[in-house]
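Biologist: I should like a close look at a single part of this model. Please describe how one pair of helices is arranged and what lies where they meet.

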Amino acid sequence: MKTKTWGCIVITILLISIALVFFFAFYIGTSGGPDAKTSEEYTISTIKTTNDVVHKPVSVERQVYDTLVKFGISPAGACGILANAKAESNLSPNNLENFYNRKFAISDVEYTNLADKGEIDFVHDAAGYGLWQFTYYSFKQVLFDMARTNGTSVSDVRTQVETLIEILKTPEFSKLFRFLKETNSPENAAKEFMLVFERPANQSESAIATRVVFATEFYKIFN
């Protein structure tokens, strides 16, 4: 009698154990267990948080600086080039020389749109344009072609920097290009770029000093 009772108990325990095993196997396999819902909510929450982040637009000076450095210009050289862009166009990539705004009775935006559509003689109109006020037809031709190649506007910042690099690679500016790669002086870079590349009408000491100050300020920001 005791043996029979003990056997029943053992069988009962085995049946309960098997039932529990099947229950947990089914529960975990289908729902992922007690933590599954929490994990799913965490993933969704993370995605929403990532998508809701508002990225601050990269400034023109940062785009110019980073691109120049990637092309091998030294940090000091990049700041000297930036200083000239500040003086020439106030870092406005679609800037049309003020004289031609008045002469053509056109805004910077309108001029840029017409240039992008090929509806004006952008290359040969002798109007200074862009960050460094490209004026010579050969410079503007490089910019126009670069924009077509890149599929961008002539006002695109990276396109203008790439244009500048292509021009600096030419024999006329190869010495300046090498200097800008090697210099550790933002002040000297600003002066050399102004006198060799920009060659503005006003090359006075005060005009040079203004660009030197800009270069020093940029160097403090980026270095």
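Modeller: The model is predicted. A suitable starting point is a pair of aromatic residues: Phe193 and Phe197 are both buried. These two residues belong to helix 10 and lie four residues apart, which means that about one helical turn separates them. In the model as a whole, 14 aromatic pairs are counted. The pair formed by Phe193 and Phe197 has ring centres 4.9 Å apart and planes at 25°, so the pair is stacked, the limit for stacking being under 30 degrees. Both rings also take part in a wider group, for ring pairs link Phe193 and Phe197 with Tyr136, Phe139 and Phe173 into a cluster.

Phe193 and Phe197 also figure in the contact of helix 10 with helix 9. On the side of helix 9, the contact involves Leu176, Phe179 and Leu180; on the side of helix 10, Asn188, Ala189, Glu192, Phe193, Val196 and Phe197 take part. By residue class, this contact divides into seven nonpolar residues, one polar and one charged.

As to geometry, two packed helices are described by the angle between their axes and the distance between the axes. Helix 9 spans residues 174-182 and helix 10 spans residues 186-198. Their axes come within 11 Å and cross at roughly 170°. Because angles over 145 degrees count as roughly antiparallel, helix 9 and helix 10 are roughly antiparallel to each other. The crossing of helix 9 past helix 10 is left-handed.

Note on methods. Residues numbered from 1 in each chain as written. Predicted model: local features only at pLDDT ≥ 70, side-chain atom pairs only at ≥ 80, totals over all residues. Heavy atoms only, no water. Axes fitted to C-alpha atoms, helices over the stretch in contact; angles between N-to-C directions. Parallel < 35°, antiparallel > 145°, perpendicular 65-115°, else oblique. Left-handed = near helix turned anticlockwise from the far one by under 90°. Contact = heavy atoms within 4.5 Å. Nonpolar A, V, L, I, M, F, W, Y, C, P; charged D, E, K, R; others polar. Phe/Tyr/Trp six-rings, centres within 6.5 Å; stacked < 30°, edge-to-face > 60°. Buried < 20%, exposed > 50% of the residue type's maximum accessible area, 1.4 Å probe, protein only.
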